[in-house]
Every structure is written in structure tokens, then in C-alpha cells.
Amino acid sequence: MKTYMFPGQGSQARGMGGDLFDAFPELTAKADAVLGYSIKELCLEDPRRELGKTQFTQPALYVVNALSYYKRVQDTGETPDYLAGHSLGEFNALLAAECFDFETGLKLVKKRGELMSEMADGAMAAIVNAPREQIEALLKEKGLGDVDIANYNTPLQIVISGPSADIAACQEIFQFDRVMYVALNTSGAFHSRLMMPARRKFEAFLKKRKFSKPKIPVIANLTAKPYPDAAVAEYLSKQISSTVLWSDTIHHLMSLSDAMEFVEIGHGDVLAKMILKIRQIAAKAAAERAPAKEKPVVASIEAANAAEHAGGALAQSHGGAHHDRLALAQQKVAAWNSRHPVGTGVKSLMAEHGALITRTPAVVLFGHRAAVYMEGFNGYFDLDELSIDEASAA
């Protein structure tokens with residue numbers, strides 16, 4: 001069995017889509033007409049530094065995911081047995097299941113991005129190496145009841161979302177032993193109660209439209225179970241303010257077949273890394289429950305873990321490409337830290353932030369991204385998108 005899965009916000013990068021826009025000129029023209037700007041220019045050149053803004057990010061990812069899917073079908077002639085998408089990517093899963101057509105889906109995503117971008121109060125952060133139960137217990141113990149679990153990505157990679165001050169307070173709480181706090185550069189508290197106004201408006205928008213039954217089963221973020229017939233409007237509106245049950249979704253799909261194959265359709269490999277982590281943790285748990293004669297399996301998994309952690313990675317992949325990206329990120333971090341101490345003045349090449357001052361050494365995030373944090377900002381900045389502020393250095 002095979003599952004196609006589509007990534008969501010966070011996977012965007014300038015240059016995504018590549019030749020797809022020229023390969024599908026009619027769909028690209030339709031996208032331009034719906035959006036009122038050139039989707040090809042936004043994705044490939046991003047001349048106005050808009051790709052990182054939610055109202056632009058979501059349509060851009062939807063189009064790239066959709067064109068990637070059509071290219072895959074064109075090249076292979078195959079269709080998947082199941083579909084799933086992470087947050088925004090769920091719209092592409094429903095498109096592939098023929099619940100709506102390309103233009104309708106883009107109009108939905110455009111509206112969703114606009115509504116979510118208006119909810120500017122709030123922040124998000126990833127908590128790594130702590131199970132959900134421990135995170136929820138600590139939030140309760142510290143009186144942070146307004147913080148929600150936004151994304152249950154893997155058993156040990158969970159995203160929290162809520163009021164900015166509460167998310168900032170979590171930084172001190174979730175840094176012990178191997179537990180790490182990673183602030184995320186988002187424009188709001190997605191998948192939390194703070195998104196309720198956007199959810200209500202999107203629900204009213206969706207009720208004006210009709211949707212077809214999925215022709216291929218789509219596993220919903222909301223329930224980690226297949227979409228029921230006639231539930232598209234209800235599930236897509238609730239999804240905005242609810243937890244993305246991605247880890248549960250993958251466990252459900254793995255329970256359907258021991259040989260379930262997952263194929264990520266779109267830009268990047270964020271979801272593929274999550275699948276590998278979920279499978280590794282599941283295999284380790286199964287090995288620990290197995291009779292003693294099977295214990296060597298545990299040893300091999302622990303050895304793999306040790307190798308990964310020695311490299312400082314937060315994610316993993318079976319492919320050599322991932323290891324190349326990790327090694328490259330480590331080289332960038334080492335080079336940066338050897339030349340630029342904390343307190344270095346820099347400028348962003350992607351947005352008008354004015355003069356920036358680093359507040360941490362550079363680090364490798366998510367197993368592939370060389371990044372550094374700035375004074376006055378919660379989220380990280382990619383080293384590739386920074387230049388040294390020579391005036392500050394002088």
C-alpha cells in the first residue's frame with residue numbers, strides 16, 4: 001500500500017516549484033488569475049519578500065504541492081491508496097481525492113491564509129525530546145493553561161501555541177536534560193484557541209460551497225481517521241484551531257499495512273523525516289517489548305540513535321542526501337561561530353527587520369538548517385538569509 005502526503009507551512013523556500021510552472025502553464029495561469037499576482041515569480045524570486053507571510057505562504061505551498069502531484073501522476077501513472085496532508089497540506093490531500101478542483105481549492109486556501117494572518121496575537125514553539133503527557137503536565141503545573149498543543153508531529157516533537165508571553169515563558173521550562181525549546185517564526189498562534197475567530201469566519205465561508213466525497217481515503221488532521229462523507233467543511237474549519245494529530249495519523253496508516261509506503265509530494269522532506277522518526281520510535285518500543293532473544297534489534301536502534309545525537313541532529317533520514325544536508329549545516333554553523341560571536345550585528349536578506357543583533361551562537365535545527373536567534377525576536381533566522389552589518393562591525 002502507498003500513501004501520498006503533502007507538507008504544510010514551514011516547508012516553503014524561495015526557488016520551490018522550479019520547472020513545474022512551465023510544465024503546467026494553464027494551471028499556473030489559473031492560479032495567477034485567482035491570486036492576482038504571479039505565483040511563479042513569488043515562488044522562484046520572491047522579489048517583495050512575501051513568501052514568509054502566511055497569506056502568501058499558504059497559496060504558494062498549495063500550488064507547488066498540487067503541481068508536484070500532477071507531475072507525479074503524469075510520470076508514474078499511479079494513484080495512491082491513501083492520502084494525508086499536514087495542516088495546509090490537507091487541502092492538497094482533498095484535492096487529490098477530488099473533493100474539489102484546483103481553482104476551488106486555491107480560493108479556499110487563499111481565504112484561509114488571509115484569515116489566519118489577521119490573527120497576529122500569539123506565538124508558537126517546538127518542544128523536542130519530551131512526550132506529550134510530560135508537556136501537558138508541566139504546562140498545568142506552571143499555570144500555563146492557555147497554551148495548546150498545536151502539532152503532535154512525532155512522539156518526541158510537539159509544537160505548542162498560545163499567547164506570546166506564555167510561549168516565551170515556556171523557554172525556561174522546557175530546557176532540561178535532552179529537552180529543547182525551539183521558537184518558531186510564525187505570524188500567529190496557529191492551531192490554538194486564539195484562532196477561533198478565524199475558524200468561525202472560515203466555517204461561514206465554507207458553508208457556501210459544496211464538496212464531493214473523497215474518491216481516495218483522506219486521513220484527517222482532526223481525528224487521525226478517514227474523512228467521513230460530507231465532513232469537508234466541518235473538518236477544515238475545525239482544523240484551524242485544533243491539534244494536528246500527525247503522529248496518530250501515521251500510526252493509523254502503519255496499522256493498515258506493515259509495508260505501508262509513504263511518499264512526500266511537494267517541496268522539501270519535512271514529513272519524510274517525521275515518518276522516519278515515528279517509525280524508529282515505534283520499532284524501539286516494539287523491540288523493548290520483545291523476548292530477550294530479539295534484544296539485538298534494540299542495540300542496533302540505540303546505536304543509530306547515538307550516531308544521530310552525536311551529530312546534533314533533531315531529525316533523521318535514511319537517505320544520503322539528508323546526511324549531506326546535515327554535514328553542510330554543521331559546517332556553516334562551525335564557520336559562523338568561529339568568526340561571529342554573540343552580539344554580532346547582521347541584516348536580513350529576506351525582510352526589512354532593520355539592524356539585528358545575534359543573541360545566541362549559531363545552531364543546527366531540524367537536522368538540516370543552520371540558524372541563529374536575534375535579540376527581540378522569538379523565531380530563528382537562517383544563516384543563508386543573513387549578511388553581516390558592516391556598519392555595526394565598524
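These notes walk through a predicted model, from the whole chain down to single residues.

1. **Overall make-up.** The protein chain holds 15 helices and 14 strands. It has 394 residues, and buried residues make up 52% of them. Take the contacts between residues at least 6 apart in sequence: 71% of these join residues at least 24 apart.

2. **The largest nonpolar core.** This core has 90 residues. Ile39 and Phe174 touch the most other members. Helix 4, residues 54-76, gives the core its largest share, nine residues. Apart from this core lies another one, of 15 residues. Tyr82, Trp246, Met254 and Phe262 are among the residues of that other core.

3. **Ile39 and its neighbours.** Leave out residues up to four places away in sequence. Ile39 then touches Phe21, Thr28, Ala31, Asp32, Pro59, Ala60 and Val63. Two of these, Thr28 and Ala31, return in the next point as buried residues of helix 2.

4. **Helix 2, the buried side.** Helix 2 spans residues 25-35. Its buried residues are Leu27, Thr28, Ala31, Val34 and Leu35. They sit on the same side of helix 2, because they cover an arc of only 120 degrees around the axis. What covers them includes helix 1 (20-23), helix 3 (39-44), helix 4 and helix 6 (102-118).

5. **Helix 2, the other side and the end.** The face turned away from the buried side of helix 2 carries exposed residues: Pro25, Glu26 and Ala33. Gly36 follows helix 2. The phi of Gly36 is positive, near 85 degrees.

6. **Helix 4 against helix 6.** These two helices both help cover helix 2, and they also pack on each other. Their axes are 7 Å apart, at an angle of about 155 degrees. Angles over 145 degrees count as roughly antiparallel, so helix 4 is roughly antiparallel to helix 6. Their crossing is right-handed.

7. **Who makes that contact.** From helix 4 come Thr54, Gln55, Gln58, Pro59, Tyr62, Val63, Ala66 and Tyr70. Helix 6 brings Phe102, Gly105, Leu106, Val109, Lys110, Arg112, Gly113, Glu114, Met116 and Ser117. Pro59 and Val63 of helix 4 are in this contact, and both also touch Ile39.

8. **Ser68.** This residue lies in helix 4 too. Is Ser68 buried or exposed? Its relative accessible area is 14%, under the 20% cut-off, so Ser68 is buried. Not counting residues up to four places away in sequence, Ser68 touches Leu20, Ile265 and Gly266.

9. **Helix 8.** Helix 8 covers residues 164-173. Asp166, Ile167, Cys170 and Ile173 are buried there. Seen down the axis, these buried residues fall within an arc of 100 degrees, so they line one face of helix 8. The face turned away from that buried side carries the exposed residues Ala165 and Glu172.

10. **What covers helix 8.** The cover over its buried residues includes three strands and a helix. The strands are strand 3 (123-128), strand 5 (157-162) and strand 6 (180-184). The helix is helix 7 (132-141).

11. **Leu356.** Leu356 belongs to strand 10, residues 356-357. It counts as buried, because its relative accessibility is 1%. Leu356 and Tyr373 are 17 residues apart in sequence. In space, C-alpha to C-alpha, Leu356 and Tyr373 are 9.7 Å apart.

Technical notes:
Residues numbered from 1 in each chain as written. Predicted model: local features only at pLDDT ≥ 70, side-chain atom pairs only at ≥ 80, totals over all residues. Heavy atoms only, no water. Core = buried A, V, L, I, M, F, W, Y, C linked by side-chain atoms within 4.5 Å. Buried < 20%, exposed > 50% of the residue type's maximum accessible area, 1.4 Å probe, protein only. Helix = DSSP H or I, 4+ residues; strand = E, 2+ residues; numbered from the N terminus. Contact = heavy atoms within 4.5 Å. Arc of directions from axis to C-beta. Axes fitted to C-alpha atoms, helices over the stretch in contact; angles between N-to-C directions. Parallel < 35°, antiparallel > 145°, perpendicular 65-115°, else oblique. Left-handed = near helix turned anticlockwise from the far one by under 90°.
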